Each structure stands twice: as C-alpha cells, then as structure tokens.
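Grab a pencil and open the viewer. Below are a few exercises, each followed by a worked solution.

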Amino acid sequence: MYNEKYVRPYIKEIQSDKENYFEDYQKMQTMVNQSDAIYKGQPIPVTYQGMFSGPEHVENFQKISETLMSITQKVTEEYLRNPDYRKLFRFDSKVEELILHDPGYALPVPICRYDLFYNGIDDFKFCEFNTDGSSAMNEDSTLGSIMLGTKGFLKYQEKYELKQFELFDSWVKTALSIYQGVPWSVEQPNVAIVDFIDKGTTNEFLKFKKAFEDAGVNCEIIDPRELDYDGENLTFGDYKIDLIYRRAVTMDIMEKFDEIQPMIRAFMDDKIVLIGSFRSHIMHTKLVFKILRLPETRAFLTEEENAFLRDHIPYTEEFITQDDFERVRLHKDDYILKPYEGYASYKVYAGREHSREEWEQILKEILNGDYIYQEYFDMDKIDFVEFEQDGSLIVTPFSAVHGMFIYGGDFQGLYTRIGNQALISGARRYYTAPNFLVRER
C-alpha cells in the first residue's frame, strides 16, 4: 500500500470512537447530498475517508507527467510530419483535417486527465488517457471541502497538515497564458465553455465560469449548436467569442458535425482560439496504447522514454483476428476490451465480470468492430473505512484508479475512484475519494 503511513493513523483514530464518527459521517452524507457534487442526477458516493498523498508521491506524479507529456509532444509532431504514421490512428478525413490545422499554439494537450493504477514510482500502469472533456475537478473539490470539516479530519489535522489540490484558478491561468501567445489573440478575450448541454457537467462549468470571471474576463457556457458565424465573428446572440475552452469530446463533435459548422468554420478560419485543439485527440483514442509500443513510435523516442512505455503501458492489441479471439476467450480474466473511441466506460468489458458463456458472446459481437484488448492490471489495494447503515464500522481494501490532472504540461492534482469490481467507474459501484496533500506537522 503506497500511502499506508498516512492511512493507518486515520483508520486507527476512526476505530477508536466509531459511534461518535458514525454520527458525524451521517452529517457529512447529508451535506454531500445537498451539494453540487452530482453525477447523472445522483449525489457522488463517498466514504468517510479521502486519498492521502505525501510530498514524495506528488513529486513522483510530476515526474510521470513530465515524461508522458514529452512523449505526447513527440507523438503529435510525428503525426503532423509523417503521413504514414497518421495512418496508424485510422482517423477519418474530417478528423484528420481538424488535427492538421494549426491552432496557433504548440502544446498538443493543454489539459488532460491521464488515469493510472499506482503502487509507487516503479510500479504503475496507465489505463486511460482523457484529453477532450477531462472532468471531475468539481467532484474532488466539493467532496474534499466537505470532508475537511468532519470530526475525523479535524482530529487527523492535529498531527498532519492537509491541503486540497487547486483545480480551477490554475487552469484559467494556464488557458489564458496559452491564449495570449496566439498571434490572433486579443487583450481582453470573451471566453466560452463549450459542450453539448445533454453531455456536460453543468455544476463544474459554473465553477470554471466563475474562475474565468474572477480572472477578469467574460465567460459564458454555450452549446456549440447555438453558435453563429458570419465569416468574421463567432457569436452567441450578441456575445462575440474569442476563446473556447472545449469540453465537447471529439467523438460527440463528429456525431453532430453538420450541426456545429459555425464553430468548425471559425476554428478553421483562425477567428477563435480553441483550447484544447483537435490535436489532443491523438492521445485520446484508445488505439494510441498500441501505437505507443510500435517500432514506428520507438524510433523517434529516447531510450528512457521507450523504457517508460514498456514498463507502464499495458500490452494492447486490436481485436481483429481469430487468433485475437481465441487468445482473449481462453484467458478472459487477463483482459479488458475497450472501443477505439468513447469515454465513461461506455461499452467497456472486463473478462472478470462475465461468465465464459457471456464472454464468448461479447467477443463474437465485437470482433473486428473497432476494439482493442488490453492486459488487466492488479494493483495493491488501499484500506478505507466504511460505515454500514446500522453504524458498524468495517475496513475494506479497495482498488483505486488515479486521474492525474495535467495543466500546461505540469501535474496539478488528482481525481480518485475506488471500488472492488473489475471496472472502477461511474458505470459500476464505486466511491470517489477526494485527494489531499498530507504533511506531518
């Protein structure tokens, strides 16, 4: 357990006075239920414990982020330079055209949440790269703020200093800095946070809107279908837009491509700045997990970067041939299947969640259907306290997936989900564990 020295004292304290802390836990749950930490209309599930990371782990996450963003930069440059390399990604011509258009800045992925299973600096594996639409900042911030005021945390803070990761103002500062470096930027931009209203996380957008306004710029939350373009200005009613913080994922954009032509044409005409640009989709596609391990990629990376990918990118292959079918069928507990495009664990299948008969039927349905299969990684579990409805206290070992928020190439914070099913996501039973930087006093 990588953070046991921080977890153990907390659990010991809760066990020492469980009746008192159970009453406080119930109060905390009421506050969570009344907060804006909502997912699909429901309060975010949370235990009476957060995720503690010491300074040494934050330093590790920064090192990991720096290496991965260096690789991201080189992969993007090769994609732009080499038509043969582009073919490996299998993007359609419309997506390729959007990617090749120069957004006005060099950083290919201004904001991302790269998810990993982490046992320590020498033992971790990535499971997903979220670039377009990276989210969950509000979950971590809101739940963490509530938890800091609980009796358990107040007692813990007598011996340990706790600090939340700041995820809103830091992004606004990064986004505006990138914007000001674009040749066609203006001094005081009008900002739009853009996503499809039925897809977006509104409470989170409201917090980013306030952060932009606190930084001294106008900001609106807009569905891209509501935009107009006259060949010079992209507008929402009377509101002229200069900078778009893009939360709409590329997959959703391509599905509604004909409905959002004003935004597309304004981008292609260099009348707006899009952060992030479509170049971020290169790392967003699940197929990149295979491409990162190919000779074509190894050829332009350093020895250290190739070693990093060899050790920390799980074995990944396309699910195409009969040999692939037999391999995954016979070793179902060793693999997980993911569509090339997608997010929120939609149509992701883990062999461990299915009987052999169910698994074989799934494999037959998706063979040669734009899927990858990936090795399943077993991480060390982390103990968390759980209260039952009757007030009894149990300590449960949970698997955890950490999402590293990386802004402008630098590690900024974490989002953590914990669970005991094969997939740890909002599509399964899970908890969010708000993150804290912890130091001994």
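**Exercise 1.** Which residue in S10 is the bridge partner of Asp 228?

*Solution.* Keep in mind that you are looking at a predicted model.
- Step 1: find strand S10 at residues 234-236, which pairs with S9 in the antiparallel sense over 2 bridges.
- Step 2: follow the bridge from Asp 228 into S10, and you land on Thr 235.
- Step 3: zoom out to the open sheet, where 3 strands run in the order S9-S10-S11 with antiparallel pairing. Its edge strands are S9 (228-229) and S11 (239-241), each pairing on one side only.

**Exercise 2.** Take the salt bridge between Asp 223 and Arg 225 and work out whether each partner is buried or partly exposed.

*Solution.*
- Step 1: check the distance. The closest N and O atoms of Asp 223 and Arg 225 are 2.7 Å apart, and the cut-off for a salt bridge is 4 Å.
- Step 2: look at Asp 223. Its relative accessible area is 4%, so Asp 223 is buried, given that buried means under 20%.
- Step 3: look at Arg 225. With 33% relative accessibility, Arg 225 is partly exposed.

This pair is part of a set: the structure holds 26 salt bridges.

**Exercise 3.** Find out which parts of the chain the salt bridge between Glu 318 and Lys 290 ties together.

*Solution.*
- Step 1: locate the contact. The two side chains, Glu 318 and Lys 290, meet at 2.8 Å, N to O.
- Step 2: place the partners. Glu 318 sits in strand S14 (residues 316-318) and Lys 290 in helix H13 (residues 288-291), so the bridge ties together parts that are 28 residues apart in sequence.
- Step 3: check the surroundings. Glu 318 is buried at 5% relative accessible area, and Lys 290 is buried at 17%.

**Exercise 4.** Where in the chain do the salt-bridge partners Asp 378 and Arg 352 lie?

*Solution.*
- Step 1: start from the pair itself. Asp 378 and Arg 352 form a salt bridge, with their closest N and O atoms 2.8 Å apart.
- Step 2: trace the loops. Asp 378 is in the loop between strand S17 (371-375) and strand S18 (382-387), while Arg 352 is in the loop between strand S16 (349-350) and helix H17 (356-366); the two are 26 residues apart.
- Step 3: read the accessibility. Asp 378 is partly exposed at 48%, and Arg 352 is partly exposed at 35%.
- Step 4: now look for shared partners. Arg 90, Lys 290, Glu 317 and Glu 318 are joined into one network by such salt bridges.

**Exercise 5.** Describe the surroundings of Lys 209.

*Solution.*
- Step 1: find Lys 209 in helix H9 (residues 202-214). Its relative accessibility is 18%, so Lys 209 counts as buried.
- Step 2: pick out the polar contact of 2.5 Å between the side chains of Lys 209 and Glu 213.
- Step 3: leave out residues up to four places away in sequence, and Lys 209 touches Ile 193, Cys 219, Glu 220 and Ile 221.

**Exercise 6.** Check the length of helix H8, then see what its buried residues pack against.

*Solution.*
- Step 1: at 1.5 Å a residue, the 12 residues of H8 (residues 169-180) should span 16 Å, and the end C-alpha atoms are 17 Å apart, so the values agree.
- Step 2: mark the buried residues of H8, among them Trp 171, Leu 176 and Tyr 179.
- Step 3: see what these buried residues pack against, including H9, strand S4 (111-120) and strand S19 (393-407).

Terms used: Residues are numbered from 1 along each chain as its sequence is written. This is a predicted model: local features need pLDDT of at least 70, side-chain atom pairs count only at pLDDT 80 or more; totals for chains, interfaces and linings use all residues. Side-chain values use heavy atoms; hydrogens and water are left out. Two strands pair if DSSP finds at least two bridges between them. Helices (H or I, at least four residues) and strands (E, at least two) are DSSP runs, numbered from the N terminus. Buried means under 20% relative accessible area, exposed over 50%, partly exposed in between (1.4 Å probe, protein chains only). A polar contact is a pair of N or O atoms within 3.5 Å; within protein, one must be able to donate a hydrogen and the other to accept it, and residues adjacent in sequence count only if both atoms are side-chain atoms. Contact means heavy atoms within 4.5 Å. The expected span of a helix is 1.5 Å times one less than its number of residues.
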